[in-house]
Structure formats: structure tokens, C-alpha cells
Amino acid sequence: MRKFIIILFSFFFLFAIRVSAENITSYSESAILIESSTGKILYEKDADLEKAPASMTKIMSMILIMDAIHNGSLSLEDKVLISENASSMGGSQVYLNTGESYKVSELLKSIAIASANDSVVAMAEKIAGTEEKFVEMMNNKCKELGCTHTNFVNPHGLDDENHYSSARDMALMGNYLVKNYPDILKFTSIYEDYLQRPDGSNTWLVNTNKLVRFYEDVDGLKTGFTSTAGYCLTSTAMKNNMRLIGVVMGVDTPDNRTSDTVKMLNYGFNSYKLSTIYEKNKIIDKVRVEKGKQDSVKIVLMENATELLNINEKAKNYTINVKLEKIIAPVNNGDKVGEAEVIDNEGKIITKVGITVANDVQKANLWDYFKRNLNVTFSGKIVIK
């Protein structure tokens with residue numbers, strides 16, 4: 001009887017969540033809410049509807065900027081020369097002049113805060129040489145991320161019938177950006193700042209995403225508006241160690257865009273919680289290393305192993321199943337050498353987390369082999385690994 005009551009309560013609890021979620025985004029044509037670390041969908045409404053994304057397009061542009069910084073082909077201190085093409089951009093802009101030179105950090109700030117079309121075109125030309133080649137990179141990156149309802153024809157989001165995306169795809173892009181490059185939040189969370197111009201003057205920048213000021217936990221990500229797109233917003237917020245990514249598209253007014261976004265984020269935080277099963281860098285095992293200066297190395301989780309639970313749900317008991325590749329030196333901390341499957345007491349795989357070595361292992365040289373063989377001389381063994 002007690003078990004039946006628990007099952008019945010759980011059913012009504014889940015039903016209540018579902019009912020309460022039905023009309024969350026009453027003003028949006030399409031919407032989605034996901035939890036960042038697991039990628040699980042908490043709410044969706046026509047999430048694959050293809051619509052003009054307006055300046056939310058700049059999320060992908062910022063991904064490619066951060067990719068370039070990460071791979072070393074660009075730095076925040078690099079200077080960018082403003083072309084006539086960049087300075088002639090319409091829509092939202094910071095009025096860059098042809099021939100001026102700006103630091104990457106200043107242009108990135110103006111993109112993240114003020115949605116500057118001229119700045120994003122200047123960065124596109126800096127990274128790819130031409131705006132057209134940058135757009136090709138954007139679409140290639142979309143395919144890499146698994147976006148199936150997106151095609152970009154420019155880096156800024158001004159209307160074009162062949163320029164479209166979906167709420168689901170924008171959530172994938174937004175989540176990729178904040179998970180791989182959390183430093184971008186240092187820019188997107190700024191409500192107001194100044195663009196430093198070459199002549200020593202400053203241009204005031206005010207964030208188009210007002211939620212970074214008025215919703216305590218929001219620290220990004222990107223608004224959009226055109227006559228075709230209507231009002232749209234990809235947002236992100238962090239609370240109780242859980243990050244949510246929300247997207248609303250095709251809203252009629254900025255106030256209704258804010259209303260739908262706030263209701264969606266509140267629903268997520270009030271209905272779900274993130275349980276950390278195992279923390280990043282947890283030691284899983286000690287394993288053999290071939291051809292290394294050391295014979296063995298500890299292996300650890302590359303990130304937290306987490307499970308998304310309903311707000312009143314209790315965590316279960318878990319085990320780890322390790323799938324390991326052969327480890328051959330040299331190998332460094334951060335190199336993925338396998339995967340850990342986290343399994344609950346019912347045998348269900350809850351999550352999969354990459355495994356890396358706890359410390360760098362250099363390749364052994366002849367002297368290392370000599371010393372190793374010397375140490376085992378009395379055992380009569382010759383060691384060549």
C-alpha cells in the first residue's frame with residue numbers, strides 16, 4: 001500500500017509539472033529550455049520551427065571568435081582594422097569608422113553588450129579574411145554541433161529569406177558557447193560599459209538583454225529583433241549549481257519576450273535540481289602506461305558526473321563502468337583516454353563522462369629503460385614498455 005501511495009504521488013507530481021508547463025511561453029511562437037551539463041530538455045514548444053533568429057545569430061559568431069582565441073590564432077589584445085564593408089553595416093551598431101583599429105576585446109565587448117553589427121563583421125573579416133568565408137565557417141560549425149534547422153548567410157542576423165534557425169539549434173549553440181568558453185560570460189553579463197575609441201573618446205554600451213540587470217541569476221546571452229523575426233532571446237542563468245539555457249522566438253513585444261523567458265527560467269529552477277554524483281578529478285583507478293617515464297598513472301573524471309532530478313526526488317546509489325583506451329606516452333592531463341558510464345541501482349546509464357590522466361606522463365627514453373631494467377636486475381626480468 002505504501003509503495004502504491006508513493007507511485008501515485010509521483011504520478012500526480014509529474015502531472016502537475018506537465019500541466020504547469022503547458023502555457024509557460026504563451027507569447028512565443030517557439031521556445032525551449034535545457035539544463036546545460038546534461039543537455040536534457042525541461043520544456044519545449046515547436047522547438048524545430050525554422051524562424052529568423054535576428055541578432056541571436058551572433059552567438060555562433062562569438063563561438064568562432066572564442067574558437068580562434070582558444071586555438072591561438074587570435075588573442076584579445078590583437079588589433080582589428082575596420083574595413084569599409086564593416087563600417088557600412090546597418091542595424092544595431094557602434095559606428096566604427098573605416099581605417100580605425102580596435103582591440104579584439106573591445107569589439108567582442110560591443111558584440112556581446114550592444115549587438116554591434118559593424119563589430120561582428122570586422123571580426124569575421126579578421127578571422128576568415130572575408131565575411132563570406134566566415135559564414136561558411138558558421139554553417140560548418142552548426143553541422144558539427146548537430147544543428148539541423150539552421151542556415152546562416154551573414155554573421156549579424158539582418159533579415160534574409162535564407163537565414164534561419166530554430167529554438168533547439170540556438171539552445172545547442174548557446175550551450176556550446178557557455179560550456180566551452182565560460183569566459184564569454186564576463187562580457188555577456190555586463191549591463192553597461194564603454195567602448196574605447198582610437199581618438200580617446202568613449203561610446204556608451206548598454207546591454208540589449210535587460211535580464212542581466214533585473215533577473216539576479218541571468219549572466220547572458222543574446223537578444224534579437226527584426227521585423228521578420230520579431231523579438232527573440234537566448235538566455236542563460238545559473239542557480240544552485242544548475243545552469244539553464246532558454247530560447248524564445250517570434251515574440252510580439254520586448255516585455256512579452258521578457259515575461260516568457262522569466263516564466264520559463266522560474267519553471268526550470270522551481271521544478272528541477274542538479275545532483276552531483278561524482279566530482280571532476282575524482283580518481284577512478286590506477287592503470288598501466290606504455291612507453292612512459294612512469295609505469296602507471298591515476299585516471300580521473302574530466303568533469304562532474306551529474307543527474308537531473310525533479311525537485312523533490314532523492315538521489316540513488318551509483319556505480320561506475322570504465323571504458324578505457326590503451327594509454328601510450330606521451331599523454332597529458334586533459335587528453336581524453338576513455339569514458340566512465342555512471343549507472344544507477346536499476347542498471348540505467350545516467351550519464352557518460354570523459355576520463356583523463358591525473359598528471360602528464362612523458363615518453364621514456366633509453367636512460368629511463370636502463371634505470372628501470374637495473375631496478376629489476378635481481379628479479380631476472382628485462383622491462384621494455
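These legends go with a set of close-up views of a predicted model.

**Figure 1. The whole chain, before zooming in.** The protein chain carries 11 helices and 16 strands. Of its 385 residues, 49% are buried. Now look at contacts with a separation of 6 or more: residues 24 or more positions apart account for 63% of them.

**Figure 2. The largest nonpolar core, centred on three of its residues.** This core has 63 residues, and M60, M173 and L177 are the ones with the most contacts inside it. Several elements each supply at least two residues, among them strand 1 (30-35), helix 2 (58-70), helix 7 (167-180) and strand 9 (242-251). Helix 4 (104-114), helix 5 (117-128), helix 6 (131-145) and helix 8 (185-188) do so too. Helix 2 gives the largest share, with 8 residues. Apart from this core lies another one, of 23 residues, and you can pick out V248, V251, M264 and Y272 among them.

**Figure 3. M173 and the residues it touches.** Leaving aside residues up to four places away in sequence, M173 touches I59, M60 and I63. The same residue also touches C142, L145 and C147, along with T150, F152 and S165. Two of those names, C142 and C147, come back in the next view, and S165 gets a view of its own.

**Figure 4. Two cysteines that are not bonded to each other.** A search of the whole structure turns up 0 disulfides. C142 is in none, and the nearest cysteine sulfur, that of C147, sits 4.6 Å away. Why is there no bond from C147? The sulfur of C147 is 4.6 Å from the closest cysteine sulfur, in C142, and that is too far for a bond; a pair counts as a disulfide only within 2.5 Å. Both residues are tucked away from the surface: C142 is buried at a relative accessible area of 2%, and C147 is buried at 9%.

**Figure 5. S165, a buried serine in a loop.** S165 lies in the loop between helix 6 and helix 7. Being in a loop doesn't put S165 on the outside here: its relative accessible area is 0%, so it counts as buried. Its side chain makes a polar contact with the side chain of T150, at 2.7 Å. Not counting residues up to four places away in sequence, S165 touches L49, E50, K51 and P53. H149, T150, M170, M173 and M249 are also touched by S165.

**Figure 6. S110, a buried serine in a helix.** You'll find S110 in helix 4. S110 counts as buried, at 0% relative accessibility. What does its side chain make a polar contact with? The partner is the side chain of S119, at 2.7 Å. With residues up to four places away in sequence set aside, S110 touches V94, S115, A116, S119 and L205.

**Figure 7. The hairpin of strand 5 and strand 6.** Strand 5 (residues 192-196) and strand 6 (residues 202-206) run antiparallel and are joined by 5 bridges. One place to start tracing is E192, whose bridge partner in strand 6 is V206. Between the strands there are 5 residues, and in this hairpin G200 takes a positive phi near 95°.

**Figure 8. An open sheet of 5 strands.** The strands come in the order 11-12-16-15-14, with antiparallel pairing. Which strands stand at the edges? They are strand 11 (283-288) and strand 14 (318-324). Each has a single partner strand, so one side of each is left without a neighbour in the sheet. From one strand to the next, the twist averages 30°.

**Figure 9. Strand 15 against strand 16.** This view goes inside the sheet to one pair of strands. Strand 15 (residues 338-344) and strand 16 (residues 349-357) run antiparallel, with 6 bridges joining them. To get your bearings, find E339, which stands opposite G354 in strand 16.

**Figure 10. K186, an exposed lysine.** K186 has its place in helix 8. Is K186 buried or exposed? At 57% relative accessibility, K186 counts as exposed. K186 and G220 are 34 residues apart in sequence, yet their C-alpha atoms are 9.1 Å apart in space.

How values were computed:
Residues are numbered from 1 along each chain as its sequence is written. This is a predicted model: local features need pLDDT of at least 70, side-chain atom pairs count only at pLDDT 80 or more; totals for chains, interfaces and linings use all residues. Side-chain values use heavy atoms; hydrogens and water are left out. Buried means under 20% relative accessible area, exposed over 50%, partly exposed in between (1.4 Å probe, protein chains only). A nonpolar core is a set of buried Ala, Val, Leu, Ile, Met, Phe, Trp, Tyr and Cys residues joined through side-chain atoms within 4.5 Å. Helices (H or I, at least four residues) and strands (E, at least two) are DSSP runs, numbered from the N terminus. Contact means heavy atoms within 4.5 Å. Two strands pair if DSSP finds at least two bridges between them. A polar contact is a pair of N or O atoms within 3.5 Å; within protein, one must be able to donate a hydrogen and the other to accept it, and residues adjacent in sequence count only if both atoms are side-chain atoms. Axes are lines fitted to C-alpha atoms, for helices over the stretch in contact, and angles run from 0 to 180 degrees between N-to-C directions.
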